[in-house]
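Trainee: Please take me closely through a single part of this model, going from one residue outwards to the helices around it. I would like one connected account.

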Amino acid sequence: MNVFRILGDLSHLLAMFLLLVKIWRSKSCAGISGKSQILFALVFTTRYLDLFSNFISIYNTVMKVVFLLCAYVTVYMIYWKFRKTFDIENDTFRLEFLLVPVIGLSFLVNYSYTPTEVLWTFSIYLESVAILPQLFMISKTGEAETITTHYLFFLGLYRALYLANWIWRYQTENFYDQISVVSGVVQTIFYCDFFYLYVTKVLKGKKLSLPMPV
């Protein structure tokens, strides 16, 4: 395991913990897209179906369990625990616009037509676009809380570090996973504009605001 993957996993965990702490401390999930969190929960569920059948390492198993728990606890707090604070009026992204093409692509482009492989491929494709409802919500409301922008930054950093992880693995192991790499590049592109605004505004103490969607 290389340092880029470890840092990527830690960045991913930090992003999820920041979101959970934000919700719990403020007793509010305002500004957070429940639809994005449902998609992330679906990503982890379909990706980690081998949790109890394919042991790789203690680290791998622990990380899978933690990601699943964090994802479902977040969904629970948004739709049950603090549902009265959920901004449903602005969380209006049409999930079928993501799910239909992702499902179709996972059947068309995969490594094998076994159920677990198709679902794993589905999870990779879905993760690349799962953040779009959150970015759309920020664009619609016009701004985001600082803690939410930190969450998005570390989530994007996780993807960037995983790109470095794949480059490292190609150079040292001659390993190349085309589906993961292409999907990771697509996902990182979605964060590029956000990264620029994060550095130029949030780190200078200004509120983040995105253009309204057309």
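Mentor: Helices here are DSSP runs of H or I covering at least four residues, and they are numbered from the N terminus. The model is a predicted one, and the part I would choose is the surroundings of Phe-93, a residue in the loop between α3 (58-81) and α4 (96-108). With a relative accessibility of 16%, Phe-93 counts as buried, because the cut-off for that class is under 20%. If its neighbours within four places in sequence are set aside, the residues in contact with Phe-93 are Lys-35, Leu-98, Leu-132, Pro-133 and Phe-136. Along the chain, Phe-93 and Met-137 are separated by 44 residues, yet their C-alpha atoms are 7.7 Å apart in space.

Some of these contacts lead on to a helix pair, since Lys-35 in α2 and Leu-132 and Pro-133 in α6 also take part in the meeting of those two helices, together with Ser-36 and Leu-39 from α2 and Gln-134 from α6. By class, that contact of α2 with α6 is made up of three nonpolar, two polar and one charged residues. Helix α2 spans residues 34-47 and helix α6 residues 132-141, and they pack with their axes 7 Å apart at an angle of about 170 degrees. Because angles over 145 degrees count as roughly antiparallel, α2 is placed in that class relative to α6.

As for annotation, the unreviewed UniProt entry places a "transmembrane region" at residues 92-113, among others. Another of the annotated spans, residues 62-80, is 100% helix and 0% strand in the model, with its end C-alpha atoms 26 Å apart.

Conventions. Residues are numbered from 1 along each chain as its sequence is written. This is a predicted model: local features need pLDDT of at least 70, side-chain atom pairs count only at pLDDT 80 or more; totals for chains, interfaces and linings use all residues. Side-chain values use heavy atoms; hydrogens and water are left out. UniProt positions are given in the numbering used here, feature names are shortened, and annotations may be inferred rather than shown by experiment. Axes are lines fitted to C-alpha atoms, for helices over the stretch in contact, and angles run from 0 to 180 degrees between N-to-C directions. Angles under 35 degrees count as roughly parallel, over 145 as roughly antiparallel, 65 to 115 as roughly perpendicular and the rest as oblique. Contact means heavy atoms within 4.5 Å. Ala, Val, Leu, Ile, Met, Phe, Trp, Tyr, Cys and Pro count as nonpolar, Asp, Glu, Lys and Arg as charged, and the others, Gly among them, as polar. Buried means under 20% relative accessible area, exposed over 50%, partly exposed in between (1.4 Å probe, protein chains only).
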